[in-house]
Amino acid sequence: MMDTQNGNHGEVMKEVGKRKVSMSEVGLRFLAFSLTLVAAVLVGVDKQTKIVAIPVVSTLPPLNVPLTAKFHYFSAFVYFVVVNAIACAYAIISLVLTLASNKGGNKGCLALMITTLDLVMLALLSSASGATGGIGLIGIRGNSHVQWKKVCNVFDKFCHQLLAGFVLSVLGSAIFLLLLVISARKLQKKHY
């Protein structure tokens with residue numbers, strides 16, 4: 001496989017190295033697609049209905065009222081689903097563009113565009129995770145200063161499913177960060 005007699009050993013190794021980085025980039029983009037897709041779906045279908053006893057007057061028995069928790073009742077959760085759907089769509093488009101760019105053409109402009117959009121996806125996913133985490137923490141602990149009661153003790157399935165989507169989205173953010181590190185490493189090798 002490697003022709004060391006003709007002095008092409010370095011070139012073959014570079015080719016193998018480039019191919020290896022490209023395959024890791026392809027794998028990471030597919031993983032980002034999968035993680036953000038599952039996170040969007042998990043939170044997007046999250047719904048739980050519970051019968052909650054609400055006391056009206058201390059001398060009367062409490063009223064049993066069915067209450068429903070849905071993701072679209074909170075704007076932070078809607079933002080979370082939309083951002084993960086955008087990141088999912090971008091991940092699959094960038095995967096196709098990455099595979100297509102390996103076949104030839106002007107890679108510089110496309111690589112810059114993909115790197116910039118990777119950074120945008122990282123920023124969007126981080127902001128959505130922050131917003132969702134903040135609201136989720138209030139759901140778990142409540143806030144006694146403003147008399148907000150915790151709700152995850154009642155809507156446990158809803159909160160657990162939301163937490164699973166949150167973790168997957170944070171992992172998706174980490175994948176986009178790794179893609180940025182790979183891009184920075186390629187740029188470093190090109191100029192040094």
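Contact here means that heavy atoms lie within 4.5 Å. By that criterion, among contacts in the protein chain between residues at least 6 apart in sequence, 71% join residues at least 24 apart. The structure described in this report is a predicted model.

**Overall architecture**

The protein chain has 192 residues, of which 31% count as buried. Its secondary structure comes to four helices and two strands. Read along the sequence, these elements follow the pattern α-β-β-α-α-α. Helix α1 covers residues 9-44, and helix α3 covers residues 107-141. Helix α2 spans residues 75-101 and helix α4 spans residues 156-191.

**Packing of helix α2 against α3 and α4**

Helix α2 packs with α4 at an angle of about 40°, and the two axes are 11 Å apart. The two helices are therefore oblique to each other, and their crossing is left-handed. On the α2 side, the residues that take part are Phe77, Phe80, Asn84, Ala87, Tyr90 and Ala91; they meet Phe158, Leu162, Gly165, Phe166, Ser169 and Phe176 in α4. By class, this contact has nine nonpolar, three polar and no charged residues.

The axes of α2 and α3 come within 9 Å and cross at roughly 160°. An angle over 145 degrees counts as roughly antiparallel, and α2 and α3 are therefore roughly antiparallel to each other. This crossing is also left-handed. By class, the contact of α2 with α3 has 19 nonpolar, seven polar and two charged residues.

**Three residues in their surroundings**

The table lists the accessibility of a residue in helix α1 and of two residues in helix α3.

| Residue | Helix | Relative accessible area | Class |
|---|---|---|---|
| Glutamate 25 | α1 | 9% | buried |
| Leucine 124 | α3 | 26% | partly exposed |
| Threonine 132 | α3 | 2% | buried |

Threonine 132 has a relative accessible area of 2%, and because buried means under 20%, threonine 132 is classed as buried. Leaving aside its neighbours within four places in sequence, threonine 132 is in contact with Ala76, Phe77, Phe80, Leu162 and Phe166. Phe77 and Phe80 also belong to the α2 side of the contact between α2 and α4, while Leu162 and Phe166 belong to the α4 side.

Leucine 124, in the helix that also holds threonine 132, has a relative accessible area of 26% and is partly exposed. Not counting residues up to four places away in sequence, leucine 124 touches Tyr79 and Val83. Leucine 124 and asparagine 84 are 40 residues apart in sequence, yet their C-alpha atoms are 8.6 Å apart in space. Asparagine 84 is itself one of the α2 residues that meet α4.

Glutamate 25 lies in helix α1 and is buried, with a relative accessible area of 9%. Setting aside residues within four places in sequence, the contacts of glutamate 25 are Thr98, Leu179 and Lys186.

**Aromatic rings**

A pair of aromatic rings is described by the distance of the centres and the angle of the planes. With rings paired if their centres lie within 6.5 Å, the count comes to four aromatic pairs. Ring pairs link Phe74, Phe77 and Phe158 into a cluster. Of these, Phe77 in α2 and Phe158 in α4 are also listed in the contact between those two helices, and Phe77 is in contact with threonine 132 as well.

Note on methods:
Residues numbered from 1 in each chain as written. Predicted model: local features only at pLDDT ≥ 70, side-chain atom pairs only at ≥ 80, totals over all residues. Heavy atoms only, no water. Axes fitted to C-alpha atoms, helices over the stretch in contact; angles between N-to-C directions. Parallel < 35°, antiparallel > 145°, perpendicular 65-115°, else oblique. Left-handed = near helix turned anticlockwise from the far one by under 90°. Nonpolar A, V, L, I, M, F, W, Y, C, P; charged D, E, K, R; others polar. Buried < 20%, exposed > 50% of the residue type's maximum accessible area, 1.4 Å probe, protein only. Phe/Tyr/Trp six-rings, centres within 6.5 Å; stacked < 30°, edge-to-face > 60°.
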